[in-house]
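Please look over the sequence and the model below before reading on. The briefing that follows begins with the whole chain and then turns to its parts, topic by topic.

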Amino acid sequence: MLHIHNSLTRRKAPFQPIEPGKVRMYVCGMTVYDYCHLGHARVLVVFDVIYRWLMRSGFEVTYVRNITDIDDKILARAAENGEAFGELTERFIGAMHEDADALGILPPADEPRATAHIDEIVAMIQRLIENGHAYAADNGDVYYAVASFPGYGRLSGKDPKDLRAGARVEVDEAKRDPLDFALWKAAKPGEPAWAAPWGEGRPGWHIECSAMSTCRLGNHFDIHGGGADLQFPHHENEIAQSEGATGEPFVNVWIHNGFVRVNDEKMSKSLGNFFTVREILERYQPEEVRYFILGSHYRSPLNYDDSQLDGARAALTRLYTALRGLPAAEPAGGEQSRERFTAAMDDDFNTPEALAVLFDLAREINRLRDIDPPVAAGLGAELRELAGVLGLLEQDPDAYLRGEGAARTSGPSDAEIEALIAARAEARRARDFAEADRLRDQLQAAGIQLEDGAGGTTWRRG
């Protein structure tokens, strides 16, 4: 049975959907004012695997991942660029989809945009005002009254009294309480604005997700996810808004993936260690990035450095090498491996342990390849099927090992490699072993590894 660690209860427990056999899941997506970075990649990959495993477990899953296409950062970047905010967001939504496709991310069932839900946002704010949880201030903004919601802080474990004690003095005295946060921001000259009962303006960030999630999944749904950085205040505020508006429980299970660090430091543009997905994919194949992310448990911190990505490449090379040359077959003989893989994934999506099962299968394939080829082929099909649940081993082994599709700025082309291998074969036939060794060394110096076998010479990069 699937067990999930719930950030709300701070413990792992059996997962029971609200409606048997069906799961409704909402994940906070991108704020589209720039290219996706490594932190975004982790969210995309982690919840893609959770989505895949829920479906593999037999659930009918409605997966919603939103797009924030109006907020302060978007407007600031559009003004900096001298372009309309809609042009900016459309460009980066397209870039986000390209990055997600490159990483093998399955599309969600729904991908709502904040600007398409202004009516729902206004209606939710109006209900909060009517229910005594929000107020329109003299400056035209509408604020959520945190003191009106007794459960505030239960997700993050923060005490409102401590938060007030540490709150900085607000320059804007429109708030009644320093913890109150904006639901609606009054229109400023030159900014996009929408009509509302309390005056023209635009929504605050937090209310957007409350409106989009409840609109698409209902007032009470199964799973809400996102990065650990969103736990407070974003997700804490979502709970207060949603439950304050509907009077119902909001979400049963909260899932948060851990932070991403670079060379053991927080990723930051100011530190010069900020990497976009596109920059990383100039040097590494998408599956290598996926493997790197899944090599750590989703709740653990993830530390990026070149050695980690190199390790992911070496690991995938071992797995693809085990598959190379196997004939097509149906999955067979891996019952114990399937049981171990299932147990790992049912234990709070333990991908490191699931990957270990793949390597045990690869070792068994290598052991049986020559002594029992049909059994090895069946295990190879098992390996592919299980890895596919993680979005791995979906390429042709030769294509991966030869680096096909990978961005390369140096090194010999495939045709040049094949020509050198042919020249080496000719030298060996002529018993010119010195020349054969020289050609092999030349290829090795270029990062090309040769493997001589009964069927001829195969090669791979790296």
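**The chain as a whole**

Residues 24 or more positions apart account for 74% of those contacts in the protein that have a separation of 6 or more, where contact means heavy atoms within 4.5 Å. This is a predicted model, in which local features need pLDDT of at least 70 and side-chain atom pairs count only at pLDDT 80 or more, while totals for chains, interfaces and linings use all residues. Residues are numbered from 1 along each chain as its sequence is written, and side-chain values use heavy atoms, with hydrogens and water left out.

**Overall figures**

- The protein has 16 helices and 15 strands; helices (H or I, at least four residues) and strands (E, at least two) are DSSP runs, numbered from the N terminus.
- Along its principal axes, the C-alpha trace of the protein spans about 90 × 50 × 35 Å.
- Of the 462 residues of the protein, 50% count as buried, with buried meaning under 20% relative accessible area, exposed over 50% and partly exposed in between (1.4 Å probe, protein chains only).
- The protein exposes about 20500 Å², of which carbon and sulfur atoms supply 49%; accessible areas come from the Shrake-Rupley method with a 1.4 Å probe, and for residues only the protein chains shown count as cover.

**The four-stranded sheet**

- An open sheet of four strands follows the order β4-β3-β9-β10, with parallel pairing; two strands pair if DSSP finds at least two bridges between them.
- The edges of this sheet are β4 (60-65) and β10 (251-257), each with a single partner strand, so one side of each is left without a neighbour in the sheet.
- From one strand to the next, the twist averages 20 degrees; angles run from 0 to 180 degrees between N-to-C directions, and axes are lines fitted to C-alpha atoms, for helices over the stretch in contact.
- Strand β9 (residues 221-227) pairs with β10 in the parallel sense over six bridges, and I223 stands opposite V253 in β10.
- Six of the seven residues of β10 are buried, so this strand is largely enclosed by the rest of the structure.

**Helices around the sheet**

- Helix α1 packs on the sheet, where it touches β3 (22-27), β4, β9 and β10, and the direction of α1 makes about 175 degrees with that of β3.
- Helix α7 (residues 231-246) lies across β9 and β10 and runs at about 160 degrees to β9.
- Helix α1 (residues 38-56) also packs with helix α13 (residues 373-389), at an angle of about 120 degrees and with their axes 9 Å apart.
- The helices α1 and α13 are therefore oblique to each other, given that angles under 35 degrees count as roughly parallel, over 145 as roughly antiparallel, 65 to 115 as roughly perpendicular and the rest as oblique.
- R52, W53 and R56 of α1 make this contact with E385, L386, G388 and V389 of α13.

**Buried parts**

- Eight of the nine residues of helix α9 (residues 286-294) are buried, so α9 is largely enclosed by the rest of the structure.
- The buried residues of α9 include E287, E288 and R290, as well as Y291 and F292.
- The elements that cover the buried residues of α9 include α1, α8 (277-281), β13 (302-304), α10 (306-323), α12 (351-368) and α14 (397-401).
- I365 is found in helix α12 and, at 0% relative accessibility, counts as buried.
- Leaving aside residues up to four places away in sequence, I365 touches A322, L326, A376, L379, G380 and L383.
- I365 and H97 are 268 residues apart in sequence and, C-alpha to C-alpha, 36 Å apart in space.

**Backbone details**

- Most residues other than glycine have a negative phi, and most peptide bonds are trans.
- A cis peptide bond, with omega of about 5 degrees, joins F232 and P233, and P233 lies in helix α7.
- R10, in the loop between β1 (3-6) and β2 (11-14), has a positive phi near 60 degrees, and R10 is partly exposed, with a relative accessible area of 44%.
- R431, found in the loop between α15 (414-429) and α16 (433-445), has a positive phi near 60 degrees, and R431 is exposed, with a relative accessible area of 63%.
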